[in-house]
Amino acid sequence: MATFATFRSRIFLSRQTFQKFQTNIMEPRRNLSSYLVTPKELAEALKKSPPSPISPEPRVIPLCAAWFLPNDERKGIDVYREKRIPKARFFDLDKVSDKHSPYPHMLPSAKTFAEAMSSLGIRKEDTVVVYDSKEAGIFSAPRVGWTLRVFGHPKVHVLNNFKLWVEEGYPTESGELYNVECNPYPIPKTDQTKVVSFEQVREVALDYNKEGSEGVQIIDARPNGRFTGKDPEPREGLSSGHMPGSINIPFSAVLDPETKAFLPKEKLKKLFEEKGVDPSKPIIATCGTGVTACVIEAALEEAGYGTPETRQVYDGSWTEWAQRVNPSDSLIRKDE
């Protein structure tokens with residue numbers, strides 16, 4: 001009898017194991033629902049699809065995009081080493097860029113982007129969740145998220161945000177960069193519809209207030225003092241001021257001052273309404289060097305303002321603008 005009981009127990013356990021296995025196979029993987037994801041959503045997604053190097057299945061990869069202004073002594077790689085989401089990779093915004101451009105961290109070539117993704121061990125089918133430093137909350141992660149979208153990575157999200165991840169007690173680790181297994185990443189096509197050039201923005205600025213113009217809106221994410229021309233630009237020799245007809249919405253205005261996370265959808269809608277932004281007209285986001293313009297782009301998406309087809313980011317932003325416009329065109333305006 002004892003032998004028979006043991007046999008029955010083994011049969012029962014193997015059935016349990018089979019049922020569990022069958023459930024895992026049949027259960028659909030839960031996709032992250034929106035571009036911005038909460039710490040809880042990311043933690044649950046990582047449990048279901050961890051960034052294992054041996055898994056052949058699509059994984060969820062946390063991607064640290066910490067970056068600081070040139071006049072800041074801190075470096076993104078340092079805060080990555082100090083505290084990060086377990087198994088996160090590090091995306092260097094300055095290194096993965098157009099080295100031939102005279103302007104900082106402009107979009108890289110498709111080949112450079114593919115090489116970077118390959119070296120990070122990221123596959124085309126992986127879900128990537130980009131996040132910032134704890135100190136910044138939201139700053140450069142939307143730029144990296146936008147970059148992945150420009151190069152057609154199918155599943156990209158931004159964590160809202162790492163500061164809350166830490167404060168809510170989710171796990172962190174520290175240490176040097178991981179040695180990851182490189183994966184061949186196909187050289188993608190660049191989605192030029194998401195990017196606007198100097199020549200295109202210049203045409204919009206010259207057409208401002210002219211009869212028959214398309215009414216393209218330019219949102220400038222720089223602080224108000226630089227926008228009005230009262231404060232200097234952080235880059236020496238660069239004039240401050242703004243483009244004709246542009247709307248100033250400093251990127252900090254779309255963030256909660258305490259949590260440094262994006263404001264709720266309804267508050268973002270109200271902010272854009274108060275600033276006179278028309279969701280039915282095309283929108284160009286700009287800033288100093290194309291980083292915080294992507295914070296505005298992410299906020300517009302969260303608020304449901306415009307569509308991916310009617311929103312663009314000016315990659316060169318003010319750094320390119322102030323160096324290339326002709327003084328005779330009066331395309332740098334300052335408030336009296």
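Here a trainee and a mentor talk through a predicted model of one protein chain.

Trainee: Let's start with the overall picture. How many helices and strands does the protein chain have?
Mentor: Keep in mind that this is a predicted model. The C-alpha trace spans about 100 × 40 × 35 Å along its principal axes. The secondary structure comes to eleven helices and ten strands.

Trainee: What share of the residues of the protein chain count as buried?
Mentor: On the outside, the chain exposes about 17500 Å², with carbon and sulfur atoms supplying 52% of it. To count as buried, a residue must have under 20% relative accessible area. Of the 336 residues, the share that passes is 47%.

Trainee: Among contacts between residues at least 6 apart in sequence, what percentage join residues at least 24 apart?
Mentor: One C-alpha pair to look at is Glu309 and Ile283, 26 residues apart in sequence and 9.8 Å apart in space. For contacts across the chain, counting those between residues at least 6 apart, the part that joins residues at least 24 apart is 78%.

Trainee: And Glu309 itself, is it buried or exposed?
Mentor: Glu309 sits in the loop between α10 and β10. Its relative accessible area is 64%, and the cut-off for exposed is over 50%. So Glu309 is exposed.

Trainee: On to the rings. How many aromatic pairs are there in the whole structure?
Mentor: Some rings join up through several partners: Trp67, Phe139 and Phe251 are linked into a cluster by ring pairs. Searching the whole structure for aromatic pairs gives nine.

Trainee: What kind of aromatic pair do Phe113 and Phe151 form?
Mentor: Their ring centres are 4.6 Å apart, and the planes differ by 20°. Planes under 30 degrees apart meet the cut-off. That makes the pair stacked.

Trainee: How many residues apart in sequence are the parts that this pair ties together?
Mentor: Phe113 belongs to helix α4 (residues 110-119), while Phe151 is in the loop between α5 (141-150) and β5 (156-159). Phe113 is buried at 0% relative accessibility, and Phe151 is buried too, at 1%. Because of where the two residues lie, the pair ties together parts whose separation in sequence is 38 residues.

Trainee: What about Phe272 and Tyr305, what sort of pair is that?
Mentor: The centres of these rings are 5.4 Å apart and the planes meet at 45°, so the pair is tilted. Phe272 is in helix α9 (residues 265-274) and Tyr305 is in the loop between α10 (293-303) and β10 (311-314), so parts 33 residues apart in sequence are tied together. Both Phe272 and Tyr305 are buried. To come back to the sort of pair, the word is tilted.

Trainee: Which residue has its charged end over the ring of Tyr80?
Mentor: There is an arginine over a Trp face as well: Arg222 lies over Trp318, at 4.2 Å from the ring centre. Over Tyr80, the distance from the charged end to the ring centre is 4.4 Å, and the residue is Arg84.

Trainee: Why is strand β2 described as largely enclosed by the rest of the structure?
Mentor: Look at both faces: Val60, Pro62 and Cys64 are buried on one side, and Ile61 and Leu63 on the other. β2 covers residues 60-64, and it is called largely enclosed because the buried count is five of the five residues.

Trainee: Which residue in β3 is the bridge partner of Cys64?
Mentor: β2 pairs in the parallel sense with β4 (residues 127-131) over five bridges, where Val60 stands opposite Thr127. β2 also pairs in the parallel sense with β3 (residues 89-90), over two bridges. β2, helix α3 (residues 76-82) and β3 make a right-handed β-α-β unit. In β3, Cys64 is partnered by Phe90.

Trainee: How many of the ten residues of α5 are buried?
Mentor: The buried residues include Arg143, Trp146 and Leu148. After α5 comes Gly152, with a positive phi near 75°. The helix is largely enclosed by the rest of the structure, because its buried residues number nine.

Trainee: Is His105 buried or exposed?
Mentor: His105 has a positive phi of about 35° although it is not a glycine, and its place is in the loop between β3 and α4. With a relative accessible area of 5%, His105 is buried.

Definitions and conventions: Residues numbered from 1 in each chain as written. Predicted model: local features only at pLDDT ≥ 70, side-chain atom pairs only at ≥ 80, totals over all residues. Heavy atoms only, no water. Phe/Tyr/Trp six-rings, centres within 6.5 Å; stacked < 30°, edge-to-face > 60°. Helix = DSSP H or I, 4+ residues; strand = E, 2+ residues; numbered from the N terminus. Buried < 20%, exposed > 50% of the residue type's maximum accessible area, 1.4 Å probe, protein only. Lys NZ or Arg CZ within 6 Å of the ring centre and 35° of its normal. Pairing = 2+ DSSP bridges. Right-handed = clockwise from strand over helix to strand, strands pointing away. Contact = heavy atoms within 4.5 Å. Areas by Shrake-Rupley, 256 points an atom, 1.4 Å probe, with all protein chains shown as cover.
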